[in-house]
Amino acid sequence: MRTKVSRRLVIDASVARAAGGEDAAYPLPKQCRDFLKTTLAVGHHIVLTPAVSSEWKKHASGFAMQWRTAMVARKQSLYVNVPEDVELRDAIDGASATDRDRRAMLKDAHLIEAAQATDHIVVSLDEQVRALFSAVSTRVRALKRVVWANPGRETEGCSRWLEDGAPPQPHRRLGARREAK
């Protein structure tokens with residue numbers, strides 16, 4: 001099931017926390033598990049920065065940690081040391097509507113920074129911060145190119161998207177989400 005195109009995905013710990021084992025019965029744990037299994041089978045890579053790796057160690061399920069071990073063994077993990085992007089963080093700070101929004105976006109800015117250093121793809125279950133980033137993307141141009149996928153939303157068809165090579169479809173970009181609403 002390997003694809004010709006291998007993408008580098010920044011996978012948030014929210015997906016790792018929700019991923020259930022083979023006996024998972026509820027939709028969200030199954031969807032996250034299947035997404036991770038498809039990522040491995042297709043040949044995509046996980047991007048691990050110190051911040052992402054730390055969150056995974058704190059929050060990942062047993063299945064997700066086994067999966068990560070398999071990704072490392074198959075050389076499908078990419079360790080990247082991405083410095084804080086002060087310009088991005090300042091732009092987010094200035095574009096935030098409320099202090100609460102600013103804190104939420106800055107808490108996950110490391111995902112955006114890692115995505116910018118690789119293939120511009122974030123995979124996360126966090127729809128609130130996705131909406132916040134999308135809302136400020138008109139003023140924070142760096143966000144417009146970032147593709148955001150949520151494997152917990154069945155309508156997004158994330159496993160199929162992975163099988164198709166995880167193309168940067170316009171409707172998945174943070175910049176497009178604001179215009180679509």
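Here is a short back-and-forth about the sheet, the helices and a few residues of this predicted model.

Reader: Before we start, what should I know about the numbering and the pLDDT limits?
Author: Residues count from 1 along each chain as its sequence is written, and side-chain values use heavy atoms, with hydrogens and water left out. Since you asked about limits: in this predicted model local features need pLDDT of at least 70, totals for chains, interfaces and linings use all residues, and side-chain atom pairs count only at pLDDT 80 or more.

Reader: OK, the sheet. In what order do the 5 strands sit?
Author: Strands here are DSSP runs of E with at least two residues, helices are runs of H or I with at least four, and both are numbered from the N terminus. Two strands pair if DSSP finds at least two bridges between them. β1 (residues 8-11) pairs with β2 (residues 45-48) over 2 bridges, and 2 bridges also join β1 to β4 (residues 121-123). β2 in turn pairs with β3 (residues 77-79) over 3 bridges, and the open, parallel sheet reads β3-β2-β1-β4-β5.

Reader: Which strands stand at the edges?
Author: The order is β3-β2-β1-β4-β5, and the sheet is open. An edge strand has a single partner strand, so one side of it is left without a neighbour in the sheet; that goes for β3 and β5 (147-149).

Reader: By how much are neighbouring strands turned against each other on average?
Author: Axes are lines fitted to C-alpha atoms (for helices, over the stretch in contact), and angles run from 0 to 180 degrees between N-to-C directions. For the strands of this sheet direction is ignored, and the average turn between neighbours is 35°.

Reader: Which residue of β3 is the bridge partner of Ile-46?
Author: Ile-46 belongs to β2, where it stands opposite Leu-9. β2 also pairs with β3 in the parallel sense. In β3, the bridge partner of Ile-46 is Ser-77.

Reader: Now α7. How many of its residues are buried?
Author: Buried means under 20% relative accessible area, exposed over 50%, and partly exposed in between (1.4 Å probe, protein chains only). α7 lies across β1, β2, β4 and β5, running at about 140° to β4. Ala-109, His-110, Leu-111, Ile-112, Glu-113, Ala-114 and Ala-115 are its buried residues. So the helix is mostly covered, and the count is 7 of its 9 residues.

Reader: Which residues beyond its sequence neighbours is Ala-114 in contact with?
Author: Ala-114 is in α7 (residues 109-117), and it counts as buried because its relative accessibility is 0%. Contact means heavy atoms within 4.5 Å. Leaving aside neighbours within four places in sequence, the partners are Val-10, Val-47, Thr-49 and Val-82.

Reader: Lys-75 and His-120 both caught my eye. Which is buried and which is exposed?
Author: Neither is a glycine, yet Lys-75 has a positive phi of about 60° and His-120 one of about 65°. Lys-75 is in the loop between α4 and β3, while His-120 lies in the loop between α7 and β4. At 68% relative accessibility Lys-75 is exposed; at 14%, the buried one is His-120.

Reader: How do α2 and α4 run, roughly parallel or roughly perpendicular?
Author: The axes of α2 (residues 27-42) and α4 (residues 62-73) come within 10 Å and cross at roughly 5°. Under 35 degrees counts as roughly parallel, over 145 as roughly antiparallel, 65 to 115 as roughly perpendicular and the rest as oblique. So α2 and α4 are roughly parallel.

Reader: Which residues does Leu-36 touch outside its own stretch of sequence?
Author: Leu-36 is one of the α2 residues that meet α4. It is also among the residues that touch the most other members of the largest nonpolar core, which has 50 residues (a core is a set of buried Ala, Val, Leu, Ile, Met, Phe, Trp, Tyr and Cys joined through side-chain atoms within 4.5 Å). Leaving aside neighbours within four places in sequence, Leu-36 is in contact with Ile-11, Val-15, Ala-19, Phe-63, Ala-64 and Trp-67.

Reader: Last one: at what angle do α6 and α8 cross?
Author: The helices here are α6 (residues 99-107) and α8 (residues 127-136), whose axes come within 10 Å. They are roughly perpendicular to each other, with a crossing angle of roughly 105°.
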